[in-house]
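User: I'm new to this structure, so please keep it casual. I'd like a close look at the salt bridges, and then some idea of what the rest of the protein is like around them.

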Amino acid sequence: MQRFVRIPLPLLVAFGLVLVSAACGSQAGSTLGPTAVATTTASISGTIQTGASAASASMSRHTAAGVKVTVIGTDVSSTTDSSGRFVLSAVPAGKDLSLRFEAPGLDAILSLGGLVPGQTLTISVTLAGGRATITGSDDSPSPSPSPSPTTEPSPSPSPKPHHGHEGEVEFKGAIESISPPNMTVAGRLVQTDTNTEFKRNGDRIGLADLKVQDVVEVKGTGQTDGSVLAKKITVESESGGGDGDNDGDDQ
């Protein structure tokens with residue numbers, strides 16, 4: 001014969017509250033807190049000038065506004081303001097980088113070492129013709145949101161200007177001034193002599209046929225003072241298709 005035990009109502013209520021509290025505590029204990037996201041990017045800020053290079057400081061420098069700066073291989077880019085300043089955010093850190101500088105009459109590349117995650121690199125760049133030169137830098141590491149006590153500081157990046165082939169020089173730019181037998185093209189001194197060949201649309205011309213603002217392609221030899229001794233100067237056609245010179249004479 002079964003017997004039933006009557007439990008007082010207050011005791012049942014107290015027991016139920018204990019079960020609910022235990023369940024809530026177990027659920028709260030299993031809830032994961034926010035996970036810190038490691039910083040994998042850095043930033044680069046700087047200023048750009050055109051004109052004098054380190055080897056030709058006698059030439060005046062000018063603020064470079066409207067220059068597009070791109071981290072090659074990424075979608076990260078910026079354009080300099082009226083003061084020649086630019087800022088690149090979300091730059092991939094931990095690997096070597098190259099910056100490309102583009103503007104009418106200018107196209108140069110600058111190679112940089114890898115950046116530290118969370119770092120801000122500040123640089124000053126001078127553009128002369130097809131060359132980009134670091135004229136100053138100031139590494140300002142930003143604090144990491146989750147610093148690790150076991151992480152050793154990485155060495156600061158070593159900016160390396162991109163010079164192309166040593167000795168032989170080839171670049172394009174607009175003529176800024178002409179003082180026969182020399183001229184300034186995209187901020188770079190170009191020397192000519194009796195061996196320099198001038199061409200437009202495949203025809204031979206003379207130095208006197210050139211004028212300021214003509215866009216030309218210069219091929220020659222780099223000199224120790226930063227200038228170029230031109231072997232050939234080709235005036236670009238208005239259509240932008242070159243001078244049509246297919247005779248292969250680049251000597």
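Analyst: Let's start with the words for how covered a residue is: buried means under 20% relative accessible area, exposed means over 50%, and partly exposed is anything in between, using a 1.4 Å probe and protein chains only. This is a predicted model, so local features need pLDDT of at least 70 and side-chain atom pairs count only at pLDDT 80 or more, while totals for chains, interfaces and linings use all residues. Residues are numbered from 1 along each chain as its sequence is written, and side-chain values use heavy atoms, with hydrogens and water left out.

Now for your salt bridges. The term stands for a side-chain nitrogen of Lys or Arg within 4 Å of a carboxyl oxygen of Asp or Glu, and by that rule the count is eight.

One of them joins arginine 204 to glutamate 197, with their closest N and O atoms 3.1 Å apart. The two ends sit in contrasting settings: arginine 204 is exposed, at 59% relative accessible area, whereas glutamate 197 counts as buried, at 7%. Another one pairs arginine 200 with aspartate 214, and here the closest N and O atoms are 3.5 Å apart. Arginine 200 belongs to strand S14 (residues 197-200), and aspartate 214 to the loop between strand S15 (203-205) and strand S16 (215-222), so this pair ties together parts that are 14 residues apart in sequence. Strands (E, at least two residues) and helices (H or I, at least four) are DSSP runs, numbered from the N terminus. Arginine 200 is partly exposed at 24%, while aspartate 214 is buried at 8%.

There's also a network: salt bridges link Arg100, Glu102 and Asp107. Within that trio, the side chains of aspartate 107 and arginine 100 meet at 2.7 Å, N to O. Both are partly exposed, aspartate 107 with a relative accessible area of 39% and arginine 100 with 31%.

Next, a few spots beyond the charged pairs. Leucine 106 is in strand S7 (residues 106-112) and is buried at 15%. Its C-alpha atom is 8.8 Å from that of phenylalanine 171, although the two residues are 65 apart along the chain.

Serine 78, in strand S4 (residues 77-79), is buried too, with a relative accessible area of 14%. A polar atom of the serine 78 side chain lies 3.3 Å from the backbone oxygen of valine 87. Contact means heavy atoms within 4.5 Å; leaving aside residues up to four places away in sequence, serine 78 touches Val67, Lys68, Val69, Phe86, Val87 and Leu88.

Those last three also turn up among the residues that isoleucine 44 touches, along with Val91, Leu97, Leu99, Leu112, Leu115, Leu121 and Ile123, again not counting residues up to four places away. Ile44 and Phe101 touch the most other members of the largest nonpolar core, which has 42 residues. Such a core is a set of buried Ala, Val, Leu, Ile, Met, Phe, Trp, Tyr and Cys residues joined through side-chain atoms within 4.5 Å.

Finally, the whole protein. Its secondary structure comes to one helix and 17 strands. Buried residues make up 33% of its 251 residues. Of the contacts with a separation of 6 or more, 54% are between residues 24 or more positions apart. The protein exposes about 15,100 Å², with carbon and sulfur atoms supplying 54% of that area; accessible areas come from the Shrake-Rupley method with a 1.4 Å probe, and for residues only the protein chains shown count as cover.

Notes:
Polar contact = N/O pair within 3.5 Å; in protein donor to acceptor, adjacent residues only side chain to side chain.
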